Amino acid sequence: MSERGALRVRLDQLVREIAKFGVVGGLGLLVNMAVFNLLRHTTELPVVRASLLATVVAIVFNYVGFRYFTYRDRDKSGRTRELTLFLLFSLAGLVIENGVLYAATYGFGWDSPLQNNFFKFFGIGVATLFRFWSYRTWVFRTLPAHEAVQTAESFLEQRRHEPEPVAPRR
């Protein structure tokens, strides 16, 4: 394959990965915001505590989505390591996300429901950039090259032994 063709394949893979990450992340965003607003309107929890609980619920939801949808083709040999790193980077994302909300609420006094939702959403956006980089780099690593080659070779070998489809005559 040419260098240009290889670059095109890698770019296509990255675009698909970003799209899948976006689907799971978008659903996680809905879960996060729904739980946050539900807690804010049905309990007496302070805004940041409600946000922390909502973020934890979204983290659990996102792990399942990332492991079994976005990164289902990635290395599955070290689940303990994967889960530990996922939780570590998710905790860092939680701090980023809720740090923005905390600064807005208690640092600047922006504490209306609309402001809470805006800064919760903005914090999620900032944390998402960090999470995408950390999850793809450290948590859901690609298969080692020799395993990927073996998988591709076995797929090609199966295809080689399948009969060619015959086009109907006209």
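User: Why is phenylalanine 69 called partly exposed?

Analyst: Its relative accessible area is 32%. Buried means under 20% and exposed over 50%, with a 1.4 Å probe and protein chains only, so a value in between is partly exposed. Keep in mind that this is a predicted model, where local features need pLDDT of at least 70, side-chain atom pairs count only at pLDDT 80 or more, and totals for chains, interfaces and linings use all residues. Residues are numbered from 1 along each chain as its sequence is written, and side-chain values use heavy atoms, leaving out hydrogens and water.

User: What makes Val23, Leu27, Leu30, Phe61 and Phe69 a nonpolar patch?

Analyst: Patch residues need over 30% relative accessible area and no salt bridge (a side-chain nitrogen of Lys or Arg within 4 Å of a carboxyl oxygen of Asp or Glu). Nonpolar side chains (Val, Leu, Ile, Met, Phe, Trp, Tyr) are joined within 5 Å. Phe69 passes on area, because 32% is over 30%. Together the five offer about 430 Å² of accessible area (Shrake-Rupley, 1.4 Å probe). Helix H1 (3-42) and helix H2 (47-70), both DSSP runs of H or I with at least four residues, each give two or more residues; H1 gives the most, with three.

User: What makes the set with Phe21, Phe66 and Phe86 a nonpolar core?

Analyst: A core joins buried Ala, Val, Leu, Ile, Met, Phe, Trp, Tyr and Cys residues through side-chain atoms within 4.5 Å. Those three are among the members of this 14-residue core, the largest, that touch the most others. H1, H2, helix H3 (79-107) and helix H4 (113-139) each give two or more residues, with H3 giving the most, four.

Technical notes
Patch = residues over 30% accessible without salt bridge, like charges linked within 9 Å, V, L, I, M, F, W, Y side chains within 5 Å.
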